[in-house]
Number of protein chains: 4
Amino acid sequence: MTDPQLTSQLSHLAAGPEIVAIPGPSVMPERVLGAMHRSMPDIYSGMITTVIDETFDALPAIAGTTSRAFVPIGNGHAGWEMALSNTLSRGDHVLVLDCGRFAQIWGEMAEFNGCRVETITAPVGYAIDPAVVEERLRADTGHEIQAVLTVHVDTATSIRNDIPAIRAAIDAAGHPALFMVDCIASMGCEEYRMDDWGVDVTVAASQKGMMTPPGLALVWAGPRALAAHQGADLRTRYWDWTYRTEDGPYYLRFCGTPPVSLLFGLHEALQMIAEETLPARWERHTRLAGAVRAAVEAWAAPEGLSLLAMQPSQRSHSVTSIRTGSVDSIELSRICRERLGVTLGVGIGDHADSSFRIGHMGHVNAPMVLGVLGAVEVALAELDAPVGGSGVAAAAAALDG
Amino acid sequence: MTDPQLTSQLSHLAAGPEIVAIPGPSVMPERVLGAMHRSMPDIYSGMITTVIDETFDALPAIAGTTSRAFVPIGNGHAGWEMALSNTLSRGDHVLVLDCGRFAQIWGEMAEFNGCRVETITAPVGYAIDPAVVEERLRADTGHEIQAVLTVHVDTATSIRNDIPAIRAAIDAAGHPALFMVDCIASMGCEEYRMDDWGVDVTVAASQKGMMTPPGLALVWAGPRALAAHQGADLRTRYWDWTYRTEDGPYYLRFCGTPPVSLLFGLHEALQMIAEETLPARWERHTRLAGAVRAAVEAWAAPEGLSLLAMQPSQRSHSVTSIRTGSVDSIELSRICRERLGVTLGVGIGDHADSSFRIGHMGHVNAPMVLGVLGAVEVALAELDAPVGGSGVAAAAAALDG
Amino acid sequence: MTDPQLTSQLSHLAAGPEIVAIPGPSVMPERVLGAMHRSMPDIYSGMITTVIDETFDALPAIAGTTSRAFVPIGNGHAGWEMALSNTLSRGDHVLVLDCGRFAQIWGEMAEFNGCRVETITAPVGYAIDPAVVEERLRADTGHEIQAVLTVHVDTATSIRNDIPAIRAAIDAAGHPALFMVDCIASMGCEEYRMDDWGVDVTVAASQKGMMTPPGLALVWAGPRALAAHQGADLRTRYWDWTYRTEDGPYYLRFCGTPPVSLLFGLHEALQMIAEETLPARWERHTRLAGAVRAAVEAWAAPEGLSLLAMQPSQRSHSVTSIRTGSVDSIELSRICRERLGVTLGVGIGDHADSSFRIGHMGHVNAPMVLGVLGAVEVALAELDAPVGGSGVAAAAAALDG
Amino acid sequence: MTDPQLTSQLSHLAAGPEIVAIPGPSVMPERVLGAMHRSMPDIYSGMITTVIDETFDALPAIAGTTSRAFVPIGNGHAGWEMALSNTLSRGDHVLVLDCGRFAQIWGEMAEFNGCRVETITAPVGYAIDPAVVEERLRADTGHEIQAVLTVHVDTATSIRNDIPAIRAAIDAAGHPALFMVDCIASMGCEEYRMDDWGVDVTVAASQKGMMTPPGLALVWAGPRALAAHQGADLRTRYWDWTYRTEDGPYYLRFCGTPPVSLLFGLHEALQMIAEETLPARWERHTRLAGAVRAAVEAWAAPEGLSLLAMQPSQRSHSVTSIRTGSVDSIELSRICRERLGVTLGVGIGDHADSSFRIGHMGHVNAPMVLGVLGAVEVALAELDAPVGGSGVAAAAAALDG
């Protein structure tokens with residue numbers, strides 16, 4: 001080993017428990033990582049079957065549904081493909097409602113896989129306007145549109161769509177299209193009620209609010225989706241809902257070998273969610289997101305920082321996208337990461353050098369949010385950025401009560 | 001806590017480091033589980049990109065090819081679907097060569113996904129006869145068969161096909177069909193040379209010889225497969241080889257969020273393989289499998305145990321299927337598991353109660369194999385099974401030299 | 001990474017789950033290592049206080065006593081020093097009963113610390129003869145001897161003393177000396193009943209039968225020892241029993257900061273012991289030790305292997321010392337370690353090159369013992385050692401029933 | 001599992017990565033906990049001997065000395081006892097310099113173990129005045145005082161003594177007493193140069209700045225201490241420096257079985273220190289401590305918070321003790337722990353309900369400190385505590401540059 005008293009090095013304040021505040025994979029609980037660290041069990045009997053049964057039993061309530069969940073090994077894109085594959089056919093017409101980036105990518109997938117895709121794009125900084133959806137669906141008098149795809153929260157823009165309002169718009173138009181919602185960035189963080197809100201397919205994944213390392217998608221299929229499934233011709237064996245529910249060895253649920261380690265992790269995460277309760281989680285995320293927004297608003301200055309989402313009611317509680325005006329967000333992120341021990345989410349798309357994102361999803365609490373905001377405040381000062389006031393003080397004030 | 005001096009319990013010899021000797025998921029190295037136990041990194045830069053680059057750099061040599069590997073999040077079935085989806089079209093004719101169970105299931109997948117499937121089934125206890133393949137392909141004068149699918153080792157029967165001989169049969173017939181081989185049960189354990197042996201697509205998975213928990217498939221695609229890929233109409237976005245090789249953020253390789261924890265594990269496992277070297281692994285598996293077979297042959301007796309695979313040259317070095325004759329294999333397995341701490345693989349198919357399997361794949365050494373065989377010997381004695389001699393003594397003798 | 005298909009290496013059968021079969025530290029349960037892998041808690045309140053309370057509540061029954069346990073941070077030697085320091089004074093006369101090596105070292109410690117030490121040494125291969133003890137104590141008419149020190153099991157020779165018989169000898173002599181017993185190699189493995197057997201101080205440690213990594217000693221002090229404690233002048237603050245039982249913050253129990261990680265481990269190990277029950281553990285160790293001895297007796301041959309302990313009733317159930325006659329035990333161990341993945345315990349003392357030891361203590365089961373014996377059998381064959389028959393076959397036969 | 005959508009619970013902001021900001025055990029690096037999580041190795045050869053050699057090689061530089069280190073299994077109190085035991089004799093006169101609590105407790109230990117102890121106590125809130133030391137030593141014309149004991153940083157008061165100035169005072173008095181310094185709370189955090197500063201014995205422990213779970217003490221002995229050792233009559237075998245340096249098996253260094261898991265951890269921590277370098281660590285702690293003090297000074301208000309240490313130059317960089325005036329510190333800590341996920345150090349001694357402590361030692365960085373301060377600020381607001389201004393904003397400002 002080298003002599004630590006002799007060598008010199010640039011000073012830094014990063015050498016401690018680093019915080020990766022990107023919007024997923026989120027910070028994993030020690031309990032979850034610990035649960036994953038164990039030998040492979042027999043996969044045909046014993047403990048793993050209990051873990052799997054309890055996992056599948058717990059998942060419907062997470063999405064606010066009585067419908068069953070599917071757990072394909074895969075990431076969020078795998079969840080998207082399972083949703084499309086099981087409900088649609090080549091040539092089907094799909095309406096995509098995009099308020100950022102991810103609904104659009106899902107739509108690109110549908111197009112690649114053989115559907116005709118039409119996209120309604122919200123103005124930059126805004127959620128989908130339900131009236132526009134209603135208008136488009138009323139115009140589809142022949143009911144050519146088989147499915148409406150959107151996101152609950154867009155991970156890029158941190159904008160949250162009003163899912164019940166979109167459902168109401170579909171209903172107002174009297175349109176029978178399936179309603180499929182990507183909740184990858186919001187599940188476990190924000191209020192979501194699949195059955196009450198009339199959603200047919202919900203897609204999520206393990207690595208954000210569900211506090212489990214990436215590798216599992218979560219897909220809930222309601223009765224109308226399962227009915228559509230019967231006639232879908234995009235079905236393949238790996239994704240097939242019917243095959244995954246056939247009688248027989250439980251491992252049909254995974255179409256092959258179950259993802260043992262990730263299941264141990266998800267099972268522990270579900271236990272933690274049950275202990276905290278979903279309403280408590282929703283409130284926690286609401287309050288912590290409020291603190292983040294209070295900080296940005298305190299920092300706000302001409303040529304300086306601002307929230308990307310224009311409408312307060314459309315701002316996600318799990319991720320916040322921040323425009324940085326004249327401030328170089330690449331440099332801001334570099335200072336935070338290299339000198340302070342905080343990794344921020346990069347801005348996505350055209351604004352990579354004038355925006356960044358803070359993930360506050362899943363296993364997140366007051367000191368983590370305040371620590372991230374404090375680090376940003378230090379970095380802003382280093383850059384002599386235009387700043388209205390102390391964001392971290394405003395965030396602390398917002399958390400009182 | 002209860003008083004351990006007062007409570008009584010059935011005595012047992014299982015309370016120690018349990019061995020799960022099923023043919024996958026195999027016993028995971030401590031180094032691999034340890035490597036997986038870490039916080040989520042930034043997924044856009046830094047250390048994870050090195051891990052991913054080194055992983056993709058190392059994978060071709062594992063399969064004996066210069067062709068690139070794809071690493072879909074998923075199990076072996078996901079690897080199968082990626083292989084089919086990227087190379088075939090609806091209505092394509094596929095020839096399946098089955099010597100047990102798994103090639104057949106792969107064929108069922110192809111059929112479900114839109115292909116016409118024809119199966120050549122080897123006699124029970126035997127590998128595929130290349131002459132039969134040659135004959136069938138010669139008869140396909142119109143070259144309707146687009147692909148030949150088979151397994152290197154069948155996990156159910158522990159029979160190993162002679163891949164170079166099947167390739168020679170295809171060549172002898174002058175047939176252009178793609179040759180796709182499932183090496184899920186053999187990769188990292190048995191000699192395999194994709195390029196030398198003329199294989200177009202190789203499929204494997206993380207959880208057996210690759211010593212990484214289940215959740216990653218491995219698919220190597222040779223030049224002819226990549227050419228066929230251009231015209232395949234089963235392609236979907238999630239599996240698509242082209243999308244996974246596009247310029248852009250490295251995470252396109254995973255069509256979305258990379259499976260961070262499993263990649264840490266696979267990276268460590270590849271490091272271990274590099275340290276040991278593949279030829280040393282192949283020899284290790286050969287010798288340990290020889291010990292297992294020596295044990296079974298020593299136990300062999302009328303109405304007693306025997307090897308399922310009839311031909312010595314067709315016996316896998318990673319798994320051994322054993323017929324138990326008049327001995328109740330369910331009870332044998334129960335004694336091993338509950339009283340001795342060894343979980344055996346169940347027999348698959350019609351012979352569930354008169355066969356069992358021993359996995360000896362991946363992270364396996366002399367004491368593990370001898371411990372498993374010793375436990376079986378104890379259980380055979382408990383059952384008063386007909387036994388010719390000491391299998392574990394024969395196994396130890398076989399390992400000398 | 002290097003190309004694993006090109007590099008060559010000496011073949012070996014060790015690349016798998018290595019077994020370290022030395023007589024301590026023993027093989028640690030996955031549950032114990034997992035329990036230790038967690039963040040530091042508050043040490044003043046909350047969960048750690050529960051862990052500590054439950055640990056101290058559970059410890060008396062482990063030793064078969066109602067007396068309290070002390071848990072000094074330290075190894076077995078620390079336990080020895082705590083025992084001496086709390087009960088003796090400079091100039092006290094101590095009688096050591098040695099049947100190998102460790103009682104003697106304990107005696108050297110007593111001498112160094114200021115006592116006068118006299119040692120009774122059993123003939124090589126034999127336990128202490130209680131009659132000799134009785135005779136010596138009868139001769140001590142002035143009751144100058146303050147304490148009798150011995151071991152339950154000597155880790156070097158694997159000889160077990162008959163503690164109740166020695167107690168009876170002390171009683172027969174009508175001698176008031178304190179009776180202190182080192183159970184480091186036997187606690188949790190072999191039957192031990194401190195109160196019934198009239199032991200005044202029992203010393204153990206975490207790293208053998210207690211299945212917890214080294215770093216904790218365990219000392220149980222009976223009423224006569226606590227009475228002697230009042231007048232002992234070797235007392236120091238760090239070891240002091242009174243200080244460790246004073247009213248006040250619980251951490252006085254550790255004379256300072258508690259050893260958090262090791263306590264998490266010990267707590268989990270105690271939970272496992274409670275689940276299995278002590279009588280079941282004693283029987284497990286008895287039967288597994290029987291298998292080891294059956295193997296050695298089967299191997300036995302002129303110029304070959306033999307058990308060091310001459311009397312069956314004096315053979316430990318947690319460790320077995322084996323003489324190797326003309327066989328080079330250094331080379332035997334090297335083959336086992338480098339080529340087979342089994343580390344044997346070295347012979348201690350004069351016979352380092354003609355003896356070895358097998359630890360079978362704590363977290364040990366049938367396949368582990370059979371795997372170790374199988375590896376030894378392979379190595380014996382490699383060395384062309386004189387061998388009577390198959391030891392591993394004999395061991396498997398011994399485990400039946 | 002219970003239904004997480006139905007159950008309700010008090011809202012809280014604590015469900016995330018909890019920060020235990022007590023002054024030790026400190027927050028352990030993931031790398032250290034990971035390094036500890038591995039099977040027991042052979043303790044007589046191989047890898048563990050490398051780990052131990054590298055550890056002992058690295059330790060002198062940590063304390064700024066060329067003298068060797070001893071690593072007794074134990075906590076800080078064990079380090080104290082090793083220091084006393086190896087250098088002093090019954091009846092020796094010891095001068096204790098106390099500026100809080102811990103030097104005093106060390107003195108109590110010396111007294112219990114047989115020394116005559118005299119204590120100089122600094123006024124509350126102040127470090128030891130070297131002039132007072134010089135005066136006392138000048139008066140000891142017969143050189144009856146064998147040793148001067150003090151702390152570098154007192155963990156209770158967070159006051160740092162000026163060790164070079166005390167050394168100068170001893171020299172000015174021409175006094176030959178050994179100078180022993182407890183650096184338990186400062187080692188690895190604050191500049192310390194044993195050789196340059198003329199310290200004879202330095203005591204530290206693993207669980208604070210050394211970033212390793214509790215269970216190892218660290219004792220460095222300089223030439224004058226080793227000379228005194230020859231004549232010390234408090235020596236015992238377990239602590240004995242000579243025995244721990246005898247030729248022979250390396251485990252003499254631990255007087256028995258080495259503490260394997262903790263050594264793996266310490267080895268990794270030393271590697272991290274080497275990577276960062278000690279000067280960088282000292283600067284990091286200085287700057288983070290400055291941020292904590294800036295926060296307290298910003299909060300300061302009549303009847304409100306203030307720093308316990310009165311002189312800026314006497315304020316520790318690893319821990320900060322804070323008086324809370326009229327604010328109930330018990331309630332403040334409860335809110336932080338239960339509602340915000342931050343555990344503060346309790347006030348020690350008479351001021352348990354009007355003081356608290358923040359540990360910022362070892363593995364600590366900007367977001368951790370800012371997160372803790374932010375949580376305190378939220379709790380102060382909840383309590384309607386008198387507050388001058390935003391402490392967390394002041395801390396962020398202090399970290400700029």
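A residue is called exposed when its relative accessible area is over 50%, and buried when that area is under 20%. The tour below applies these terms to a predicted model.

**First stop: an exposed loop residue in chain C**

Select C:Glu303, in the loop that runs between α10 (278-299) and β10 (306-307) of chain C. Its relative accessible area is 56%, so C:Glu303 counts as exposed. Turn next to its backbone: phi is positive, about 70°, although C:Glu303 is not a glycine. Most residues other than glycine have a negative phi.

Remain in chain C and move to C:Asp384, which sits in the loop between α12 (366-382) and α13 (391-399). Here too phi is positive in a residue other than glycine, with a value near 50°. C:Asp384 is exposed because its relative accessible area, 70%, lies over the 50% cut-off.

**Second stop: cis peptide bonds in chains B and D**

Select B:Gly24 and B:Pro25. The peptide bond that joins them is cis, and omega is about -5°. B:Pro25 belongs to the loop between β1 (19-21) and α1 (30-36) of chain B. Now select D:Gly24 and D:Pro25, where the peptide bond is cis with omega near -5°. The loop holding D:Pro25 connects β1 (19-21) and α1 (30-36) of chain D. Most peptide bonds are trans.

**Third stop: chain A as a whole**

Display chain A alone. Its secondary structure consists of 12 helices and 13 strands. The C-alpha trace spans about 70 × 55 × 40 Å along its principal axes. A compact globule of 401 residues would have a radius of gyration near 21 Å, and the 22 Å of chain A agrees with this. Of the 401 residues in chain A, 66% are buried. Among contacts with a separation of 6 or more, 73% join residues 24 or more positions apart.

Colour the surface by atom type: chain A exposes about 11,900 Å², of which carbon and sulfur atoms supply 51%. Colouring by charge brings up 27 positive and 46 negative charges, whose mean positions are 2 Å apart.

**Fourth stop: two buried residues of chain A**

Select A:Ile105 in helix α4 (residues 102-112). What does A:Ile105 touch, not counting residues up to four places away in sequence? The partners are A:His77 and A:Trp80. A:Trp80 is 25 residues from A:Ile105 along the chain, and their C-alpha atoms are separated by 9.8 Å. With a relative accessible area of 13%, A:Ile105 is buried.

Continue to A:Ser355, in strand β13 (residues 355-359). This serine is also buried, with a relative accessible area of 8%. Beyond its neighbours within four places in sequence, A:Ser355 is in contact with A:Ile322, A:Arg323, A:Thr324, A:Ser329 and A:Gly347.

**Last stop: helix α12 of chain A**

Select residues 391-399 of chain A, which form helix α12. At the start of this helix, a side-chain oxygen of A:Ser390 comes to within 3.1 Å of the backbone nitrogen of A:Ala393. The buried residues of the helix are A:Gly391, A:Val392, A:Ala393, A:Ala395, A:Ala396 and A:Leu399. In an α-helix, residues three or four places apart point the same way, because there are 3.6 residues a turn.

Against which helices do the buried residues of α12(A) pack? Show α9 (278-299) and α11 (366-382) of chain A, then add α11 (366-382) and α12 (391-399) of chain D. The tour ends at A:Gly401, which follows α12(A) and has a positive phi, near 95°.

Definitions and conventions: Residues are numbered from 1 along each chain as its sequence is written. Chains are lettered from A and ligands numbered from 1 in the order in which they are written. This is a predicted model: local features need pLDDT of at least 70, side-chain atom pairs count only at pLDDT 80 or more; totals for chains, interfaces and linings use all residues. Side-chain values use heavy atoms; hydrogens and water are left out. Helices (H or I, at least four residues) and strands (E, at least two) are DSSP runs, numbered from the N terminus. The radius of gyration is taken over C-alpha atoms; the globule rule is 2.2 Å times the number of residues to the power 0.38. Buried means under 20% relative accessible area, exposed over 50%, partly exposed in between (1.4 Å probe, protein chains only). Contact means heavy atoms within 4.5 Å. Accessible areas come from the Shrake-Rupley method with a 1.4 Å probe; for residues, only the protein chains shown count as cover. Lys and Arg count as positive and Asp and Glu as negative; His and the chain ends are not counted. The place of a charge is taken as NZ of Lys, CZ of Arg, CG of Asp or CD of Glu. A polar contact is a pair of N or O atoms within 3.5 Å; within protein, one must be able to donate a hydrogen and the other to accept it, and residues adjacent in sequence count only if both atoms are side-chain atoms.
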